[in-house]
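Here are my notes for you on this one. Have a look at the model first, then go through the points with it open.

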Amino acid sequence: MLSERVRTIKPSPTLAMDAKAKGMKAQGIDVVNFGVGEPDFDTPEHIKDAAIKAIRDGFTKYTPVGGIDELKDAIIAKLSADNGLAYEKDQIIVSCGAKHSLYNIAQALYGPGDEVIIPAPYWVSYPDQVLLNDASPVIVETHEADQFMLRPEALAAKITQKTKAIILNSPSNPTGFAYDKAALAAVAELAVKHNLYIISDEIYEKLIYDGMQHYSIAALRPEVKDRTIVVNGLSKSHAMTGWRIGYSAGPKDVIKAMTNIQSQSTSNPASISQKAAVAALKGPQDFVAMMHAEFDKRRVYLVDALNAIPGFKCMKPTGAFYAFPNVSEHYGKKAGTRAINGSLDFALYLLEDANVALVHGEAFGDDRYIRISYATSMENLKKGVERIAAAVAKLS
Ligand SMILES: *Cc1c(COP(=O)(O)O)cnc(C)c1O
C-alpha cells in the first residue's frame with residue numbers, strides 16, 4: 001500500500017506531454033515539439049572541458065553536502081554582481097537543480113496546517129511540492145491585463161493566520177512575463193506586514209527582453225532580503241539541464257535546515273557538475289548573450305505568427321522562452337465529431353491531428369491558454385505554426 005502523501009500528487013504534466021510526443025516520434029511520426037522546457041542549445045565547450053578535467057583529476061568523490069567552497073564563492077560573486085545581493089557562504093546551498101532547491105525549501109518550511117500562496121498561472125511543481133509536505137497550496141489568480149503580475153489586493157485577500165510563504169517566479173514559466181519593481185515592492189510590503197517567507201524563483205533571469213531589467217525582490221531592502229530565499233541555477237542560463245545544478249541563497253537558519261535535509265537525501269550534487277558550474281559562472285558569458293539574441297528573434301517571429309491564426313490572442317512576452325496564447329475562443333467547437341472543450345482537448349487535438357506537441361494551460365492553473373516553447377529552431381517554429389493554423393482551420 002502506497003503512502004497517503006503520494007496519492008495527493010500527480011506526475012509533472014509537462015514531462016508527461018513530452019513523453020507522449022517522444023513516444024510518437026519513436027513510432028516514426030514527425031512530431032514538432034513545442035512542449036520542451038529546456039534550451040535547445042548545447043552546453044558550451046569550456047564548461048564541458050571543466051567537467052572532463054574534473055574527471056581526469058579524480059575530482060570524483062563526495063564533496064561537502066551543500067557544495068564546494070569554490071562554487072559557493074562563484075555564486076556569491078554572481079549574486080553580488082548581477083543582483084546587488086551580499087551573502088556569506090553559510091547562506092548558500094547548491095542542490096541537484098533548482099527543482100531540488102525548491103523541494104528542500106518546501107521540506108524546511110512547510111508542514112501540516114500551513115498555507116503557501118502560489119500565483120496562477122504557475123510552474124507545475126509548486127503546488128505538488130507543497131502538497132508533498134502536507135501543506136495547502138493557495139492559488140491566487142493573475143491577469144493578462146496586468147502582464148500576469150499579482151494584484152496586491154488579490155494577494156491580501158488570500159493571506160490568513162496560516163499563510164507561511166509566497167512563491168514568485170519572474171520571469172515566469174509559463175506566461176513569459178516578468179515582474180516590474182513596483183509590483184515586487186507591493187508583494188514585499190505584504191510579506192513583511194504578515195511575516196511571510198518569499199520564495200523567489202529566478203531561473204529565467206538571463207532571458208529577459210525589450211530592454212527590461214531583471215530585478216531580485218531580495219534587493220529591495222534588508223527586511224525583505226531577510227525573509228527571501230532566492231532560487232536560481234544553471235539549467236536555463238547555460239543550457240545545463242542535464243547537469244543538475246541549482247542553488248538557494250537566504251537566511252542562515254533556513255539554509256542550514258535545507259543542508260541537513262539534503263544530507264539525509266541526496267548528499268552533494270555531482271562533484272563533476274559542480275566543477276562545470278564554476279566554469280559556467282566564472283568563464284566567458286558570450287554564450288548567454290548569443291542564446292538570448294537567438295531566443296529574442298524567435299519570440300518576435302512566433303508572437304506575430306500566432307496572432308495571425310484566427311482565435312489566437314498572444315501578448316508579447318518579456319522573458320523566458322514561452323509564448324502563452326489565449327485560445328479559449330475555440331472552446332465549444334468541433335473537429336468532425338471531436339469536441340474541443342478546454343486546453344487539454346485542444347492540446348491533444350493538435351498533437352494527434354497536426355503532430356504538434358505543446359502543453360495545455362490547465363496544467364499551469366489556467367485553462368484558457370496553451371504554452372508554446374520556442375526552445376526549438378526557427379525552421380521548426382515555422383513548420384509547427386503552419387500545422388497549427390491548418391488544424392485550427394478545420395474547427396467549426
Ligand atoms: C526549469 C525550471 C526550474 C528547474 O530547473 P532545474 O533544471 O531543476 O534547475 C525551476 N523553476 C522553473 C520555473 C523552471 O522553468
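1. Let's start in a loop. P171 sits in the loop between β5 (163-169) and α8 (181-193); helices (H or I, at least four residues) and strands (E, at least two) are DSSP runs, numbered from the N terminus. A cis peptide bond joins S170 to P171, with omega at about -10 degrees. P174 lies in the loop between β5 and α8 too, and the bond joining N173 and P174 is also cis, with omega about 25 degrees. These are worth a look because most peptide bonds are trans.

2. A word on what you're looking at: this is a predicted model, where local features need pLDDT of at least 70 and side-chain atom pairs count only at pLDDT 80 or more, while totals for chains, interfaces and linings use all residues. Residues are numbered from 1 along each chain as its sequence is written, and side-chain values use heavy atoms, leaving out hydrogens and water.

3. Now the ligand. Which residues come nearest to the ligand? Of the 13 residues around it (a heavy atom within 4 Å), the answer is A98, D201, Y204, S235 and K236. For polar contacts (pairs of N or O atoms within 3.5 Å), check S235, with a side-chain N or O atom 2.7 Å from a ligand oxygen. N173, from the cis bond above, has a polar side-chain atom 2.9 Å from an oxygen of the ligand. K99 uses a polar backbone atom, 2.9 Å from a ligand oxygen. The protein buries 94% of the 380 Å² that the ligand exposes when taken alone (Shrake-Rupley method, 1.4 Å probe).

4. Next, the loop between β7 (228-233) and β8 (246-249), which holds A239 and R244. A239 has a positive phi of about 50 degrees, and R244 one of about 60 degrees; neither is a glycine. Most residues other than glycine have a negative phi. Buried or exposed? A239 counts as buried at 6% relative accessibility, while R244 is partly exposed at 34% (buried is under 20%, exposed over 50%, partly exposed in between; 1.4 Å probe, protein chains only).

5. Finally, the largest nonpolar core (buried Ala, Val, Leu, Ile, Met, Phe, Trp, Tyr and Cys joined through side-chain atoms within 4.5 Å). It has 77 residues, and Y110, I199, F346 and I388 touch the most other members. Helix α12 (residues 286-307) gives the largest share, 8 residues. A second, separate core of 24 residues includes A51, V94, L234 and I245.

Note on methods: A polar contact is a pair of N or O atoms within 3.5 Å; within protein, one must be able to donate a hydrogen and the other to accept it, and residues adjacent in sequence count only if both atoms are side-chain atoms.
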